[in-house]
Amino acid sequence: MRKPIIAGNWKMNNTIASGSALIKELIPLVKDAQCEVAICVPFTLLPAAAELVKGTNIKLGAENVHFADKGAFTGEISAEMLKEIGVEYVIIGHSERRQYFAETDETVNKRAEQALKNGLKPIICVGETLEERETGKTEEVLERQILGAFQNLTAFDMPANIVVAYEPVWAIGTGRTATKEQANETIAFIRKTLVEKVCAKCGADIRIQYGGSMNAKNASELMSMPEIDGGLIGGASLKAEDFSKVVNY
Ligand code: PEP
């Protein structure tokens with residue numbers, strides 16, 4: 001059984017003050033959630049967030065991690081630094097990082113390997129652009145991203161420790177959601193790729209989220225699909241009430 005996981009991706013939003021207020025409001029609203037709940041917050045908020053979620057059912061995530069242990073990488077954050085704060089999850093390869101910060105399948109793979117080596121659980125994001133979908137390249141793109149991201153990762157007890165987020169780029173922050181059939185079908189393809197080309201057992205057990213304008217209104221419909229094991233939630237994770245409605249789908 002794959003336990004669903006709903007994770008918020010706060011992106012570059014919230015100061016320590018506003019983020020702490022949001023977490024305090026969220027805690028009672030999600031305390032009876034049937035799924036796993038996580039919030040991935042900006043680096044500056046992690047220490048305060050770690051204190052606030054202690055003893056609750058909310059898991060803490062970061063939005064990126066560097067692939068080296070330490071050293072001359074100005075502006076980067078290491079896995080050890082995140083572990084020290086109590087971070088459990090880390091988003092890797094979000095399409096915004098691929099689009100604006102030159103993230104590649106190779107760096108996604110290196111970051112995932114580094115996260116796992118240090119006991120962090122990567123949420124590996126994959127997804128096609130609108131042009132790729134419209135020109136029939138969705139499966140080719142997703143297979144390339146999955147095989148790239150998972151290279152040499154089989155040694156790391158995958159199913160429990162890795163989450164994949166299928167996030168069609170055209171649905172992120174656009175208010176345009178994939179239909180539940182589209183999301184289910186594409187996630188089934190990702191799982192088939194994992195089972196056939198990465199690791200049969202791991203692929204069947206690994207959790208694959210949908211992300212892309214998932215919100216209080218469409219969450220239950222999307223979550224009713226057998227292949228969708230949760231959501232990565234951007235905009236709707238910035239209001240406690242909205243996010244809690246997604247979590248309590
Ligand atoms: C995301 O950034 O991962 C995301 C899914 O954003 P939104 O929910 O706003 O589309």
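1. Cys35 is buried, with a relative accessible area of 4%. That is under the 20% cut-off, so Cys35 gets the label buried. Keep in mind that this is a predicted model. Cys35 is also in no disulfide. The nearest cysteine sulfur belongs to Cys40 and is 13 Å away. A disulfide needs two cysteine sulfur atoms within 2.5 Å, so a gap of 13 Å rules Cys35 out.

2. Cys40 is buried as well, with a relative accessible area of 0%. Cys40 is in no disulfide. Here the nearest cysteine sulfur is that of Cys125, 8.9 Å away. The cut-off for a disulfide is 2.5 Å, so Cys40 does not qualify.

3. Which cysteines do form a disulfide? They are Cys199 and Cys202, with sulfur atoms 2.2 Å apart. A disulfide is a covalent bond between the sulfur atoms of two cysteines. The count for the model comes to one disulfide. The link of Cys199 and Cys202 is right-handed, with 60 degrees about the S-S bond. Cys199 and Cys202 are both buried.

4. Now the ligand. How many residues surround the ligand? There are 14, and the closest are Lys11, His94, Glu167, Gly173 and Ser213. By class, the shell holds four nonpolar, eight polar and two charged residues.

5. Look at the polar atoms around the ligand. A polar backbone atom of Gly173 is 2.6 Å from an oxygen atom of the ligand. The side chain of His94 has an N or O atom 2.8 Å from a ligand oxygen atom. For Asn9, a polar side-chain atom lies 3.3 Å from an oxygen atom of the ligand. On its own the ligand has 300 Å² of accessible area, and the protein covers 95% of that area.

6. Ser213 deserves a second look. It is one of the closest residues to the ligand. Ser213 sits in the loop between strand E7 (207–211) and helix H11 (219–223). Its phi is positive, about 55 degrees, although Ser213 is not a glycine. Is Ser213 buried or exposed? At 19% relative accessibility, Ser213 counts as buried, because the cut-off is under 20%.

7. Ala102 also has a positive phi, near 55 degrees, and is a residue other than glycine. Ala102 is found in the loop between helix H4 (95–100) and helix H5 (105–117). With a relative accessible area of 62%, Ala102 is exposed. The cut-off for exposed is over 50%, so the label follows.

8. Leu22 is part of helix H1 (residues 16–30). Leu22 is buried, with a relative accessible area of 7%. Which residues does Leu22 contact, leaving aside its neighbours within four places in sequence? They are Trp10, Asn14, Ser237, Leu238, Lys239 and Ala240. Leu22 and Gly173 are 151 residues apart along the chain. Their C-alpha atoms are separated by 20 Å.

9. Ile39 belongs to strand E2 (residues 36–40). At 0% relative accessibility, Ile39 counts as buried. Residues up to four places away in sequence are not counted in its contacts. Beyond them, Ile39 touches Gly8, Trp10, Ile23, Leu26, Val53, Ile58, Lys59, Leu60, Gly61 and Phe243. Trp10 is in the contact lists of Leu22 and of Ile39. Gly71 is 32 residues from Ile39 along the chain, and their C-alpha atoms are separated by 28 Å.

10. Where is Ser78 found? Ser78 lies in the loop between strand E3 (58–62) and helix H3 (79–85). Ser78 counts as buried, at 6% relative accessibility. Leaving aside neighbours within four places in sequence, Ser78 is in contact with Val65, Ala68 and Asp69.

11. Thr138 lies in helix H7 (residues 138–150). Thr138 is buried, with a relative accessible area of 9%. Neighbours within four places in sequence are again left aside. Thr138 is then in contact with Glu128, Glu132, Arg133 and Thr186.

Terms used:
Residues numbered from 1 in each chain as written. Predicted model: local features only at pLDDT ≥ 70, side-chain atom pairs only at ≥ 80, totals over all residues. Heavy atoms only, no water. Near = heavy atom within 4 Å. Polar contact = N/O pair within 3.5 Å; in protein donor to acceptor, adjacent residues only side chain to side chain. Areas by Shrake-Rupley, 256 points an atom, 1.4 Å probe, with all protein chains shown as cover. Nonpolar A, V, L, I, M, F, W, Y, C, P; charged D, E, K, R; others polar. Buried < 20%, exposed > 50% of the residue type's maximum accessible area, 1.4 Å probe, protein only. Helix = DSSP H or I, 4+ residues; strand = E, 2+ residues; numbered from the N terminus. Contact = heavy atoms within 4.5 Å.
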